[in-house]
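Here are some worked exercises on strands, rings and charges. Have a look at the sequence and the model, and try each task before you read its solution.

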Amino acid sequence: MKLILFFLAFPLLLSAQTKQIGGQVQDANKIVLAGATVMLLDSNYQEIREVKTDHFGKFILTLDHPSGYYLRTTYLNFKSQELFFRSDTISRPLLLELLPEAKVLEEAQVVGRAPRLIRKLDRLEFNVQNSNLSALNSWDILKRTPLVMVNGADLMVRGNKNIVVLINDRKVMLTGDELKTYLENTAGSDVQSIEVITNPPAKYEAEGSTIINIKLSKSNLYGFRGTVVALAEKSSTWKQLFGLTQYYKDEKFNLRGTYNFGRGTYARYETNYVYYPNEQTSWEGVMDRFDTNNSQNSYVFSIDYTPDTTWTVNAGLNGYYGPKTYGIYEVPTIIYDKNHVQESSYFTTNDHQRSTKTNNLYLQVTKKLNSRWSINWSSYFTDNHSTNDQDVLTALRFKGEEPTDTRFISNNGNKNRLFSSQIDFTGKIKKLGMEFGGKFSDVKTTSTLAFFDDESGKLEQRPDKSSVFDYKERNVALYGSLDYAWKKWSWKAGLRGEYTDLEGIVSEPADINKRDYFVLFPTFYMQYALTDDQQFGFSYGKRISRPSYSWLNPAKSYYNRFSYFQGDPRLRATIVHNLNLTWTKNNWNIDLFYRFEKWPNMEISRQDNNNHQLIFQYTNIKKGQGAGIDLGKSFQLTGRWGLNLQLEGMYNENYFMGTDDVLHKNDVYIGNGNVSTNYVLNKDAGWNLELGNTFTSPTIQGPFKITGYSSTYVTTNRKFFKKKFEVNLSFMDIFKTEKMTISSKYGDQNNFYRDYRDTRKVNLTLRYHFGNQKVKSSNQPTRTEEQNRL
């Protein structure tokens, strides 16, 4: 492995006049409060710094630039106090008086409020904690997050599927249906907010066009408390979820344990069509899938230890275990001639069983060196095992041939292990903020395929169709960034360098792929405050999208006798350039964007007209680009009635090389969004009603054209027994309109399939809160950084 050394040259430090404010904190009896926490926040409500009052209850804070600030003061067993001020209006020390709090105070639950959308310098934050959406599962909340669209089990942002999902800044080692199942079994009440980072800063891994960071809530209350949740869901099948979350917090420890158990049967309905021009025949099939998983186990265990105000230690384990998902698909396929008269048929029976187990261990240590500098070290270890075994029987009834039955068995196994370690330094010199650090990661993955068929007259293993794929990858990264604020201006710039060394070995067909490369990733952000509630911003970021490991495996994974999936061991990484212009005023959020992709990698279909096979393959297309506008606004129409509006319009185009060796262009104008309205039926009972609709127009993916869809939902939530017991009733996809048709038609290619994932459903959720609900603490441990690409 090569040694990487590069030097980041930063501009000269700018000197400027700073201002300080001071004051004293006392109670109603004029007794000073030593050790009270005084936190300084900017006008966007983001923490700048915090201090503790001395033995005389006094404090001093430095203001970096003339602006509006919030000052939040907290002390154990006292009500917190917030003060908004402008730096040029403070001419004398502040006298802050805190009032005593009741010894036991139930945590404020404001379920029913509208989700809060916050525009930050480098991301959009969708705060859903205690909103109506909290009663949904995490996947359904993600589907309603601004900028995020869902295509089946795939996430998209601005028409792009190169998405990296983090939970509390750590990568989730699940993709597609596995990620969907995991989030469906994560209670929405555990979600604090969802960050959509379209131009991630330099300290984040350069992987992925966009990062979605799901931030789970932590207990801010002293003592022991917990929540029990029970969910029943009815679509065309039944599903249930039972969960228990327990918290304990004191001055030094913050413990959390969550366990969710889910069970149920999952349905998906599909019809497919392939036209073969040589014989002028159309092959049309119906595949109704029912998969049962009666043991879905997701868990989160974490401990935060804060021995003093300068040290924080975070450790934890989270994971998912699904030992058995099983089902039998019965798939009839009719072959029609050019006059649409049946001439042949075949019937496929697919008996299969899958399992998944993922564990993620992490350790983070943070040390505040002084009031301006801190150091953070974090390490992760992730282990993932999955199997997919299937027994496929095909009854052939072809014109002019004797009826025959064929059978094959395929046993797929995947093992992935990842270790990463990162160190970050964060500090400030006068008004210049600095971040720099490095990261090392090591990934090992093994995929095995054992294939058996009865082509010889008896069932035996086929070495030519079996395969072992071993893949190793090491990544070394260094980064640095600067941020600076002057008057109404804010800037942030960074540079990240990543060196990647990989090796992929395939047993059949024998192949070795060794590569190494080094890429620089610059980022830049600028924001100007036109007024206190109006900002204009610009950002640029260069990203990379490396292929997932399963996409590199060239072994053929058969769905049935006439269709299979195949990866490409020489897939190229995609380079992505993102440009954004943003404007925010009075909760209006407008974002103009442009994205250019070189060698996008994606799944496409290719039909082999000679052998009558439909092949799904991960490959690179030549290029893609898109441009458009995002618009968001929240309206409070009356004291009880609110309206949320999120709209997006864009143009997207892909250039791909077709099976006819011709460069094709596929383009589309896209419009999508979410409109929802919220009404408080009874404030005292916490009874709320929300009605919403999510929609998208047709979109594209390489040669695919994907039809649009919409989804209408209604959800209502009410509390009982002094707000300790909550009942939520939700109706999702009321008009059964979350249906899509995915088609590929050019040259000699003509195929499509219609897909519906059983999204019309009724959901009843019961939630009970128990234990002590004491006063809030001001101690907020630092979030860990992202995990490496998986």
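Two strands pair if DSSP finds at least two bridges between them. Keep that rule at hand for the first exercise, and bear in mind that this is a predicted model.

**Exercise 1: a strand and its neighbours**

Task: Find the strands that pair with β39, and name a bridge partner in each case.

Solution:
- Step 1. Start with β38, which pairs with β39 in the antiparallel sense over ten bridges. N693 of β39 is the bridge partner of V675.
- Step 2. Look at the connection: four residues separate β38 and β39 in a hairpin, and G686 in the turn has a positive phi of about 60°.
- Step 3. Turn to β42, residues 709-720, which runs antiparallel to β39 and is joined to it by nine bridges. Here G692 has Y713 of β42 as its bridge partner.

**Exercise 2: two faces and a patch**

Task: Work out which side chains of β39 point to the buried face, and where W687 belongs.

Solution:
- Step 1. Recall the rule that side chains in a regular strand alternate between the two faces of the sheet.
- Step 2. Sort the residues of β39: N688, E690, G692, T694 and T696 point to one face and are buried. W687, L689, L691, N693 and F695 point to the other face and are not buried.
- Step 3. Check W687: its relative accessibility is 32%, so W687 counts as partly exposed.
- Step 4. Widen the view to the surface, where L637, W641, Y679, L681, W687 and L689 make a nonpolar patch of about 510 Å². β38 (663-682) and β39 (687-696) are the elements that give two or more residues to this nonpolar patch.

**Exercise 3: aromatic pairs**

Task: Among the 30 aromatic pairs of the structure, classify F224 with F770 by the geometry of the rings.

Solution:
- Step 1. Take the two descriptors of a ring pair, the distance of the centres and the angle of the planes.
- Step 2. For F224 and F770 the centres are 6.0 Å apart and the planes are at 50°, so the pair is tilted.
- Step 3. Place the pair in the chain: F224 sits in strand β16 (residues 223-234) and F770 in strand β46 (residues 761-771), 546 residues apart.
- Step 4. Add the surroundings: F224 is partly exposed at 33% relative accessibility, and F770 is partly exposed at 22%.
- Step 5. Try the method again on Y651 and Y669, a tilted pair with 4.9 Å centre to centre and 45° between the planes. Y651 belongs to strand β37 (residues 641-657) and Y669 to strand β38, so this pair ties together parts 18 residues apart in sequence.

**Exercise 4: salt bridges**

Task: From the 27 salt bridges found in the whole structure, examine R417 with D383 and say which strands the pair ties together.

Solution:
- Step 1. Read the distance: the side chains of R417 and D383 meet at 2.9 Å, N to O.
- Step 2. Locate the partners: R417 is in strand β23 (residues 404-429) and D383 in strand β22 (residues 374-397), so the pair ties together parts 34 residues apart in sequence.
- Step 3. Buried means under 20% relative accessible area, and D383, at 17%, therefore counts as buried. R417 is partly exposed at 48%.

Key:
Residues numbered from 1 in each chain as written. Predicted model: local features only at pLDDT ≥ 70, side-chain atom pairs only at ≥ 80, totals over all residues. Heavy atoms only, no water. Patch = residues over 30% accessible without salt bridge, like charges linked within 9 Å, V, L, I, M, F, W, Y side chains within 5 Å. Areas by Shrake-Rupley, 256 points an atom, 1.4 Å probe, with all protein chains shown as cover. Salt bridge = Lys/Arg side-chain N within 4 Å of Asp/Glu carboxyl O. Buried < 20%, exposed > 50% of the residue type's maximum accessible area, 1.4 Å probe, protein only. Phe/Tyr/Trp six-rings, centres within 6.5 Å; stacked < 30°, edge-to-face > 60°.
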